[in-house]
Amino acid sequence: METLKEKKTVQEQQKSVKISGAEAIIHCLLAEGVDLIYGYPGGAIMPVYDELYKFQDKLTHILTRHEQGATHAAQGYARVSGRVGVAIATSGPGATNLVTGLADAQIDSTPLVCITGQVPRHLLGSDAFQETDIIGISTPVTKWNYQVTKASEIPEIMAKAFYIAKSGRPGPVLVDITKNAQFDELDFSYTKCTGVRSYKPAPKPDAEALKQAADLINNAKKPLIVWGQGVILGKAEEELKALVEKAGIPAAWTIMGASALDTDHPLNVGMVGMHGNYGPNILTNECDVLIAIGMRFDDRVTGRLEDYAKQAKVIHFEIDPAEVNKNVHADVAVLGNSKETLSLILSLINPNTHKEWLQLFAEKYQIEYDTVIKNDIHPTKEGLTMGEVIEEINLASDQKAVIVTDVGQHQMIGCRYAKFKQSKSNITSGGLGTMGFALPAAIGAKMGAMDREVVAIIGDGGYQMTIQELGVIFQHNVPVKIVVLNNDHLGMVRQWQELFFDRRYASTVMTNPDFVKIAEGYHIEAKRVTERKDLKSTVQEMMASKNPYFLEVKVEKEDNVFPMIPSGAAVSEIRLK
């Protein structure tokens, strides 16, 4: 096979390198360091797949069983590896099936480049077979999108796509390429994009804002840090730890920020939000300085906004100016990449301890432990709980596994009780709350970190939304561990029906198939646990396996997740039961 380099040599005398648009796409991907993509072929993208066939030694393509699975797998890969995830699909339904993953990546700031085929340029707008306006459809759920109609546009647009996806606050980009642009030839050369006019991905930190923030922190009596995924995306884990330890400030996390600071760190006081820990939620409304780092004040974190931290001065460390003052007023906004801004402020911070303030967190934790945690992870009742399953996984993995959760009760239990010693270990659908996320995302996460154990924690409802991706695990022998916590209900919806709708369980009872037999049908080792006496040994067996493993655990049907901030309530109105 003639390589691009060889083509250049052959054609140097003619001062040009003529290749097809489809081949140009492959060379663009290789130039960006891409070696793995997820996708599903079809008519409008077939020229690109024909070129993929020729470059199998350099670029691995994973055939997912649904285009949505391709985007979630690319998300899992990106979140664990820190690289840009790539997904590819055909036009029409192939393209529209990407939309859920695009929306999920947009709200959770995950860098993706999605490539879709499109009908030929002369058929655009004619309602041709499998034509959809994917640019119009995807505009609200992408950081940037573009429709390529000429082969000559491909190198510049692909370079721009990767730059935008990974720079500043990351996000998904979609490039739609008409079929004629894939077939037509161009003079190919590639230059990586290093900037786009009018786009400033990372604002320059302001020295005065840093000084004002440091003064507030140094004079605070009851400071509280709440950090989000911006710490992980900014690679600022060490800077966060240094700030927390130097200033002696209790620090809490959003679910997207989990694992940036070790779970067992003495100043890590737990999770904020609707099902977060009692102490950091209650004491948010007692702190005098609230230091928000790389988080966007989502409604699940703030509860009723008009009663959120009104007594506190708010410092907001944020890379995206659009997030500042959007939900919560910031007394001081420190704009820029979190690694840079935290590094700069560290020298301005005075060493401190806040022993009395920290003691309040310890007291609140004890209340929560006695009322909730003890019963979740060390239950005395007969039925198995989700919390004790997570605790056994912690023990069997030495807190080193990547935990990928779906959406529902198991997600909140997983985020509450999973313990981490390494960053990029908690992969979940935070902002969009996409059921069906975990199985394909776990596949991508494992491929992005083959040296780490990856455990997918999934409910029986969400599991069946993307269960077909077991085919990818079978075909490519992806050694992920799948744990389905089966309560035969759509558990989180059922919890709300119990608490707020007088137990009217409308369309939440699940009649489930034999999950073990389904896994075995894909030649995946599978077991079911129904009694506590079998849980520990089976989890240990699963974690010791070098192969894919499926474990179904039958858990209590009417077991609720507490603490809980009811919808519309303030964080200080959190319920323990």
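For these exercises, Ala, Val, Leu, Ile, Met, Phe, Trp, Tyr, Cys and Pro count as nonpolar, Asp, Glu, Lys and Arg as charged, and the others, Gly among them, as polar. The model is predicted, so to speak of local features takes pLDDT of at least 70 and side-chain atom pairs count only at pLDDT 80 or more, while totals for chains, interfaces and linings use all residues. Residues are numbered from 1 along each chain as its sequence is written, and side-chain values use heavy atoms, with hydrogens and water left out.

**Exercise 1. Describe the second largest pocket: its volume, its lining and where that lining comes from.**

Step 1: the volume. It is about 550 Å³. A pocket here is an open set of points on a 1 Å grid over the protein atoms alone, with protein on both sides within 12 Å along at least five of seven lines; lining residues have an atom within 4 Å of a point. Grid points are joined across faces, edges and corners, and a volume is the space filled by probe spheres set on the points.

Step 2: the residues. There are 24 in the lining, and T263, N268, V269, G270 and Y365 sit closest to the pocket's centre. Sorted by class, the lining has twelve nonpolar, six polar and six charged residues.

Step 3: the elements. β11 (268-271), α13 (278-284), α16 (355-377) and α18 (409-417) each give two or more residues. The top contributor is α16, with nine. Helices (H or I, at least four residues) and strands (E, at least two) are DSSP runs, numbered from the N terminus.

Step 4: the domains. Domain 2 (207-360) and domain 3 (382-554) each supply at least three lining residues.

**Exercise 2. Lay out the domains, then find which of them feed the largest nonpolar core.**

Step 1: the bounds. The chain is assigned domain 1 (17-188), domain 2 (207-360) and domain 3 (382-554); such bounds come from an automatic or database domain assignment.

Step 2: domains 1 and 2. Their centres, taken over C-alpha atoms, are 37 Å apart. Seven residues of domain 1 are in contact (heavy atoms within 4.5 Å) with seven residues of domain 2.

Step 3: the core. A nonpolar core is a set of buried Ala, Val, Leu, Ile, Met, Phe, Trp, Tyr and Cys residues joined through side-chain atoms within 4.5 Å. Buried means under 20% relative accessible area, exposed over 50%, and partly exposed in between (1.4 Å probe, protein chains only). The largest core has 94 residues, of which I225, W227, L240, L290, I293 and V483 touch the most other members. Domain 2 and domain 3 each give this core at least three residues. Apart from it there is another core, of 52 residues, including V141, V404, V454 and F550.

Step 4: zoom in on I225. Leaving out residues up to four places away in sequence, I225 touches L240, L243, V244, I249, P250, A251, A252, I291 and I293.

**Exercise 3. Which residues line the two cavities, and how do the linings divide by class?**

Step 1: count them. Two cavities of 30 Å³ or more turn up in the whole structure. A cavity is a set of grid points where a 1.4 Å probe fits but cannot get out.

Step 2: the largest cavity. It holds about 80 Å³. Lining it are D376, L384, T385, M386, G387, I413, V555, E556, D559, N560 and V561, which split into five nonpolar, three polar and three charged.

Step 3: the second largest cavity. This one holds about 30 Å³. Its lining is W227, W253, A258, S259, L261, T263, N268, A418 and F420, with six nonpolar, three polar and no charged residues.

**Exercise 4. P266 and T254 share a loop: is each one buried or exposed?**

Step 1: place them. P266 lies in the loop between β10 (251-253) and β11, and T254 is found between β10 and β11 too.

Step 2: check accessibility. P266 counts as exposed because its relative accessibility is 72%. T254, at 9%, is buried.

Step 3: see what T254 touches. Beyond residues up to four places away in sequence, its partners are V226, W227, G228, Q229, V272, M295 and V301.

**Exercise 5. Which backbone angles stand behind A309, N477 and P563?**

Step 1: A309. Phi is near 50°, a positive value in a residue other than glycine. A309 is buried, at 5% relative accessible area.

Step 2: N477. Phi is again near 50°, but N477 counts as partly exposed, at 47%.

Step 3: P563. The peptide bond from F562 to P563 is cis, with omega near 0°. P563 is in the segment after β20 (549-554).
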